[in-house]
Amino acid sequence: MVDPLLIVHTFYQRPGGEDAVYRAEAALLEAHGHTVERLEFHNDELNSMSRLGAARRAIHNSSAAEVIEQRVRQTRARIVHFHNTFPLLSPSVYAAARRGGARVIQTLHNYRLVCPSALMLRDGAPCDLCVGRAFAWPAVRYACYRDSRAASAVVATMLSAHRSRGTWTSQVDAYIAVSDFLGRQVARGGIPRERILVKGPHLQHDPGCGSHDQEFVLFAGRLSEEKGVRVLLEAWTRLRAPIELRIVGDGPLRDEVEAAAARDTRIRLVGHVPAQDVVQAMQRARLLVAPSVWYEGAPVVFAEAAATGLPIVSTRIGAIPESVEDGVSGVLVPPRDAQALADAVAQLWADTARRVQMQRAARRRFEERMSAGAAYARLAAIYEQVSEGKH
């Protein structure tokens with residue numbers, strides 16, 4: 001018996017994938033009849049604080065800890081599942097939940113426990129300089145968090161202080177990593193590997209297979225260097241076939257994309273569209289191209305593509321091979337290799353039979369690993385294990 005459950009999340013000032021995962025998992029549990037108490041905070045509260053006050057709360061927030069402990073006692077929650085505590089709540093809330101009598105689970109949506117920026121990304125390339133260090137000096141030196149040495153120092157201090165206190169190892173019963181790759185990186189930072197369980201993303205609503213009958217390749221994501229946008233544009237200069245590239249999204253490289261579209265009529269910038277429009281585009285596209293050059297966590301866009309039966313051409317880096325089965329549900333190429341990307345797109349575009357096989361494989365992979373049914377089975381098993389003290 002794991003009920004009642006208390007699920008805690010702090011929304012970011014800029015909405016993102018973690019917010020979507022929190023909502024999807026809470027709704028999933030409620031749909032299966034669990035007694036779920038949601039406790040939500042918002043980092044907009046930081047706007048009314050001084051910098052010093054915000055820094056102190058990022059390291060230890062006694063007010064948030066008090067709220068958590070009271071809510072656990074009121075609801076008699078057996079398990080408290082935290083999604084995001086950063087920076088408003090601080091890691092002090094874990095001990096508070098335990099004082100209230102609950103066991104504690106923390107989902108690892110990103111690399112924050114080993115990297116102050118949470119991305120393991122610096123200057124557009126993967127970076128692990130801080131992993132395993134007692135204090136994340138490189139992050140301070142390179143101003144990795146918000147381009148600020150002072151803010152980076154606060155995050156590094158928070159990580160170091162709670163590592164010294166044993167917060168990560170004594171106050172959290174289990175971690176849920178969104179990919180095995182992410183779990184391995186966090187384990188390098190000192191979290192016991194056996195305490196890290198893996199549960200990938202899932203979709204709250206199954207959009208169903210698409211027709212994939214329109215002649216375009218889709219890119220859907222942030223227009224930024226780490227997403228491989230420059231590599232993508234370079235690949236299209238090497239691609240000789242008349243293949244339309246439809247780009248959905250917005251970001252700091254928008255000007256470069258607009259310039260490329262002005263030079264090459266095969267490139268069409270759609271810009272930002274609602275999430276349901278992205279999925280509809282996936283249902284019509286022949287291929288999804290995702291040439292990331294960083295350690296993606298577990299992007300929901302891969303689950304959406306798999307649900308629609310859309311083959312993916314992506315890169316062999318980080319957790320991506322966990323989402324895209326090379327040669328089965330898509331094709332993986334080395335990161336930053338524009339020629340390999342162009343070749344893979346051209347070959348798969350021209351091979352209808354192979355694409356159809358991949359469409360079926362992608363859909364099958366979704367049903368087995370990323371559907372609501374698969375996600376609930378995995379989450380329920382994790383809760384049972386934690387409730388029984390097996391972690």
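Helices, of type H or I with at least four residues, and strands, of type E with at least two, are DSSP runs numbered from the N terminus. In those terms, Pro87 sits in the loop between strand β3 (79-82) and helix α4 (92-99). The model described here is predicted.

**Backbone features**

Pro87 is joined to Phe86 by a cis peptide bond, with omega about -15 degrees. Another cis peptide bond links Asp3 to Pro4, and there omega is about -5 degrees. Pro4 belongs to the segment before β1 (5-11). Asp147 has a phi near 55 degrees, which is a positive value in a residue other than glycine. This residue, Asp147, is placed in the loop between α5 and α6.

**Enclosed space**

The structure contains 4 cavities of 30 Å³ or more. The volume of the largest cavity is about 220 Å³. Its lining is made up of 19 residues, and those closest to the centre are Thr85, Tyr94, Gln106, Arg112 and Leu113. Two elements, β4 (103-108) and α6 (149-165), each contribute at least two residues to the lining of the largest cavity. Strand β4 provides the largest share of that lining, 3 residues.

The second largest cavity holds about 90 Å³ of space. It is lined by 16 residues, of which Cys115, Cys127, Cys130, Ala139 and Cys144 are the closest to its centre. The elements giving two or more residues to the lining of the second largest cavity are β5 (121-122) and α5 (137-141).

**An open pocket**

The second largest pocket has a volume of about 500 Å³. Among its 18 lining residues, Arg51, Ala54, Tyr145, Arg146 and Ala151 are the closest to the centre. Helices α2 (51-59) and α6 are the elements that supply two or more residues to the lining of this pocket. Helix α6 also supplies at least two residues to the lining of the largest cavity.

The table sets out the linings by residue class.

| Lining | Nonpolar | Polar | Charged |
|---|---|---|---|
| Largest cavity | 10 residues | 7 residues | 2 residues |
| Second largest cavity | 13 residues | 1 residue | 2 residues |
| Second largest pocket | 12 residues | 4 residues | 2 residues |

Cysteine counts as nonpolar in this division, and four of the five residues named as closest to the centre of the second largest cavity are Cys115, Cys127, Cys130 and Cys144.

**A helix pair**

Helix α11 (residues 275-284) packs with helix α12 (residues 300-308) at an angle of about 45 degrees, and their axes are 9 Å apart. That angle makes α11 oblique to α12, because angles under 35 degrees count as roughly parallel and 65 to 115 as roughly perpendicular. The crossing of the two helices, α11 and α12, is right-handed.

Which residues of α11 and α12 meet? From α11 come Val279, Met282 and Gln283, and from α12 come Val301, Glu304, Ala305 and Thr308. By class, the residues of the contact of α11 with α12 are 4 nonpolar, 2 polar and 1 charged.

Key
Residues are numbered from 1 along each chain as its sequence is written. This is a predicted model: local features need pLDDT of at least 70, side-chain atom pairs count only at pLDDT 80 or more; totals for chains, interfaces and linings use all residues. Side-chain values use heavy atoms; hydrogens and water are left out. Axes are lines fitted to C-alpha atoms, for helices over the stretch in contact, and angles run from 0 to 180 degrees between N-to-C directions. Angles under 35 degrees count as roughly parallel, over 145 as roughly antiparallel, 65 to 115 as roughly perpendicular and the rest as oblique. A crossing is left-handed if the near helix is turned anticlockwise from the far one by less than a right angle, and right-handed if clockwise. Contact means heavy atoms within 4.5 Å. On a 1 Å grid over the protein atoms alone, a cavity is a set of points where a 1.4 Å probe fits but cannot get out, and a pocket is an open set with protein on both sides within 12 Å along at least five of seven lines; lining residues have an atom within 4 Å of a point. Grid points are joined across faces, edges and corners, and a volume is the space filled by probe spheres set on the points.
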